[in-house]
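This briefing concerns the structure shown below. Its topics are backbone geometry, helix dimensions, burial and helix packing.

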Amino acid sequence: MNKRSSGLLALSLFTIIAALHFIHLEHWVTIPDNVLFVSRWLVIASLVLFAWFKKSLTTWIFVAMAIGVEIGLDFPAFSQNLRFLSTIFLRLVKTIVAPLLFSTLVVGIASHSNLKQVGRMGWKSLLYFEVVTTFALIIGLLFINITKAGVGIEVPPALLKELPVAVEKTWQDHIVDIFPENIIKSIYEGNVLPIVLFSVLFGISLAKLAPNRKRPMLEFSESLAETMFKFVNIIMHFAPFGVGAAISVTVGHLGLDILKNLLMLLVTLYLALLAFLLFVLVPIMLIIKIPIKKFIQAIKEPVSIAFATTSSDSALPIAMENMEKFGVPRKIVSFVIPTGYTFNLDGTTLYLSLASVFVAQAAGIHLSIGEQLMIGFSLMLTSKGVAAVPRASLVILIATASTFGFPLWPIMAIYGIDELMDMARTSVNVIGNTLASCVIARWEGEFDDGKALAFEPD
């Protein structure tokens, strides 16, 4: 049996079993519970067979999620014994937070120490990035507050015991907490904002050193960043076990209602990203007067690559090549797009702001508008530099939950559908960065309208 035949078997069994359950629920024919039970596990077995032949981590995560739902539904008491698997996965992810943030922020700042030499292009790029990501943040918060996708989950007493006790803090306390008292202590406690501030100051200090003094530490930071990205990839091979166990525990506690909330979260994200494209990026295209149809042709291929691979990095070469053909000078393309991969994560910022509020809603934690904005702006800092790695936003989301006292079980539930969300947010990251290169080129008066109008995809 090959991948194609196993996939057809899984689809056929799923269709038949779904039909049987529909007939049973509509009371057309009463089907014994044991028959329905066996039929569902036949579907699970066919999915495992399909995943075995496909050999895809994403497929295994979806299959593990299906197995977890079934275990939580059929064996709710036993499912609670699987908590240790999700705990192991969370611990592994937490170990990444500090070195990943430190290395990516230091590299992002110190490697671009030529901003003074670049002059106007540098500050214009950074100004544009921060304005657009702020719009993304606000749209994410707006949509999750409208749909309230996380509201309505009845948290059982066993999970309520795990919720952190809220500590009342003044706005002065929140500001003081940003500044590290002891960086090792901040790392130990998982307090992200002091780590970010330390990393930013370290990066600025490194950028001011003489080249011969700066080079060793910058190379170390680059090596550390690449190592942590590989670390993420290794840990993600344990993700099917962690996600399956977490979903199993959650469904065993909460039943299938949690799946409705996850579906609502997915719909909310796609609607929010669509609104961001229509009400932020399209007006920008109209303001700078670029041919929208030709721009869509230019970004179609890199966006498709980003959507399929859930990695902005994989789309970088073709994005830069197409923008140059589209009329953006090479010196602008080579600066703006790579810099944007660190500072202009529109889709990721929108997703993280939306997901963090979802976590609070799921746990029954009320957040004021001011608290939501505080979380959002901290995410704009902590998310820098992670666009190149699939699902690295999970690391940032867990770190944010630890910083603001949110529980982690909703995040594990979110991770089950993270692949579907990652495809959309990564695509928006690529669209935002390619458009940014056009904006800066137009702002600098160097955009070639003739090339843009004559652009034809290869």
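K289 is exposed, with a relative accessible area of 64%; exposed means over 50% relative accessible area, buried under 20% and partly exposed in between, with a 1.4 Å probe and protein chains only. The model is predicted, so that local features need pLDDT of at least 70 and side-chain atom pairs count only at pLDDT 80 or more, while totals for chains, interfaces and linings use all residues. Residues are numbered from 1 along each chain as its sequence is written, and side-chain values use heavy atoms, with hydrogens and water left out.

**Overall composition**

- The chain holds 23 helices and zero strands, where helices (H or I, at least four residues) and strands (E, at least two) are DSSP runs numbered from the N terminus.
- Buried residues make up 50% of the 458 residues of the chain.
- Among contacts in the chain with a separation of 6 or more, 84% are between residues 24 or more positions apart; contact means heavy atoms within 4.5 Å.

**Positive phi values**

- Most residues other than glycine have a negative phi.
- K289, in the loop between helix 14 (257-288) and helix 15 (292-309), has a positive phi near 60° and is not glycine.
- K148 likewise has a positive phi, near 50°, in a residue other than glycine.
- The loop that contains K148 lies between helix 7 (120-147) and helix 8 (157-160).
- K148 counts as partly exposed, because its relative accessibility is 44%.
- G405, just after helix 20, takes a positive phi of about 75°.

**Helix 12 and helix 20**

- Helix 12 (residues 211-235) has 25 residues and should span 36 Å at 1.5 Å a residue; its end C-alpha atoms are 35 Å apart, which agrees.
- The expected span is 1.5 Å times one less than the number of residues of the helix.
- The buried residues of helix 12 include K214, S221, M228 and F229.
- For the 12 residues of helix 20, the expected span at 1.5 Å a residue is 16 Å, and the end C-alpha atoms are 16 Å apart, in agreement.
- Helix 20 is largely enclosed by the rest of the structure, because nine of its 12 residues are buried.
- The buried residues of helix 20 are S393, L394, V395, I396, L397, I398, A399, T400 and A401.

**Packing of helix 18 with helix 20**

- Helix 18 (residues 346-362) packs against helix 20 (residues 393-404) at an angle of about 40°, with axes 11 Å apart.
- Axes are lines fitted to C-alpha atoms, for helices over the stretch in contact, and angles run from 0 to 180 degrees between N-to-C directions.
- The two helices, 18 and 20, are therefore oblique to each other; angles under 35 degrees count as roughly parallel, over 145 as roughly antiparallel, 65 to 115 as roughly perpendicular and the rest as oblique.
- T348, Y351, L352, A355 and S356 of helix 18 make the contact with S393, I396 and L397 of helix 20.

**Packing of helix 18 with helix 22**

- Helix 18 and helix 22 (residues 418-443) pack at an angle of about 140°, and their axes are 6 Å apart.
- Helix 18 and helix 22 are therefore oblique to each other.
- On helix 18 the contact involves D346, G347, T348 and Y351, and on helix 22 it involves D418, M421, R425, V428, N429 and G432.
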